[in-house]
Amino acid sequence: MTASGGPVVTLNDGRKMPLVGLGTWKSEPGQVKAAVIAAVKAGYRHIDCAAIYKNEGEVGEALEALFAEGVVTREQLWITSKLWNDCHASADVPTACAKTLADLKLDYLDLYLIHWPVVTGCTGPALTPTIEETWGAMETLQMEGRVKSIGVSNWSAKKLAAMKPFAKIFPAVNQCELHPKHRQDALLAACAELGTHLTAYSPLGSPDSAAMIKHEGASVMQLPAVVETAAALGKSAAQVLIRWAVQRGTSVVPKSVTASRIEANFDVFGWELSAEQMAGLSAVEPQERMLHGAFWCNPEGPYKSVGELWDGP
């Protein structure tokens with residue numbers, strides 16, 4: 001039976017975003033169309049996309065099929081996409097957005113994020129184009145109705161606060177890596193203070209990018225606190241991690257291309273983690289970032305170390 005999309009969060013612009021969405025990063029061509037269709041039929045109303053995932057055309061085919069079948073209307077879905085690092089110039093932002101809209105076969109996006117505070121090929125001490133320039137073009141997209149809400153991804157609290165002086169529209173969302181092994185408690189508190197909602201990506205530790213990016217993401221679902229909680233509740237490790245994210249007050253975009261897992265990952269609303277279970281999952285040490293961002297560091301660029309990229313560990 002198709003549900004209504006589950007609980008929502010009200011963003012700083014008044015729009016309501018479903019708390020649990022389907023992630024599409026690393027979903028292979030030939031798999032993502034079926035995954036999106038399965039997700040929407042299972043009750044998801046939030047799909048998280050990005051130009052760099054190179055699969056928005058297939059997501060668009062899925063959306064077209066769902067609309068044609070009458071499973072949902074466009075207005076019932078929340079579709080997010082992201083601006084890539086090579087399109088930060090103000091003239092390039094609308095072109096990139098138009099390409100994403102064409103690929104997704106949509107007239108508007110619900111949410112458009114700057115994917116990273118990074119500019120392809122940028123050298124020197126500061127980002128060029130500046131975030132101020134890029135953000136101004138994002139604001140124009142919102143004012144023109146091509147996107148309904150705008151935000152950022154992989155932003156530190158410092159970078160978010162630095163937008164205050166020039167942002168006419170403050171970011172509605174900051175999408176970052178969040179799971180018990182990388183809780184980012186200080187960022188969660190800072191975003192709450194600034195009025196920006198935090199979305200958790202790679203909530204299961206992104207095990208399928210471990211070899212590519214060289215991290216230990218597979219270990220998140222194997223954490224003793226996760227395994228013990230799952231056993232006690234008769235739930236999967238993934239369900240425990242997604243429920244933990246929701247109970248922390250974040251939205252969350254787990255990725256899967258397996259219909260049974262897609263369905264199970266959405267079954268996180270009729271039960272809760274106890275205070276003791278939340279505390280155990282929120283006390284994992286040491287903390288470790290999986291999507292470390294070392295690939296953006298350049299001795300000639302604005303980020304010479306991951307510490308500079310993230311403004312901290």
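A pocket here is an open set of grid points with protein on both sides within 12 Å along at least five of seven lines, and its lining residues have an atom within 4 Å of a point. With that in hand, here's a quick tour of this predicted model: a pocket, a buried asparagine and a well-covered helix.

**The second largest pocket**
- There's about 350 Å³ of space in the second largest pocket.
- Its lining runs to 18 residues, and Gln184, Ala186, Leu187, Arg289 and Pro313 sit nearest the centre.
- Helix 6 (185-194) gives the largest share of that lining, three residues, and helix 5 (157-161) is another element that supplies at least two.
- Chemically the lining is a mix: seven nonpolar, five polar and six charged residues.

**Asn154**
- You'll find Asn154 in the loop between strand 7 (147-153) and helix 5.
- Asn154 counts as buried because its relative accessibility is 1%, with the cut-off set at under 20%.
- Its side chain makes a 3.3 Å polar contact with the side chain of Ser153.
- Beyond its neighbours within four places in sequence, Asn154 touches His115, Trp116, Pro117, Asn174, Gln175, Cys176, Tyr201 and Trp310.

**Helix 9**
- Helix 9 (residues 237-247) is mostly covered, with ten of its eleven residues buried.
- Among those buried residues are Gln239 and Arg243, along with Leu241, Ile242 and Trp244.
- The buried residues of helix 9 pack against helix 8 (224-233), strand 10 (251-252), helix 10 (259-266) and helix 11 (275-281).
- Just past the end of helix 9, Gly249 adopts a positive phi of about 100°.

Notes: Residues numbered from 1 in each chain as written. Predicted model: local features only at pLDDT ≥ 70, side-chain atom pairs only at ≥ 80, totals over all residues. Heavy atoms only, no water. 1 Å grid on protein atoms, 1.4 Å probe; cavity = no way out; pocket = protein on both sides within 12 Å on 5 of 7 lines; lining within 4 Å. Points joined across faces, edges and corners; volume = space filled by probe spheres on them. Helix = DSSP H or I, 4+ residues; strand = E, 2+ residues; numbered from the N terminus. Nonpolar A, V, L, I, M, F, W, Y, C, P; charged D, E, K, R; others polar. Buried < 20%, exposed > 50% of the residue type's maximum accessible area, 1.4 Å probe, protein only. Polar contact = N/O pair within 3.5 Å; in protein donor to acceptor, adjacent residues only side chain to side chain. Contact = heavy atoms within 4.5 Å.
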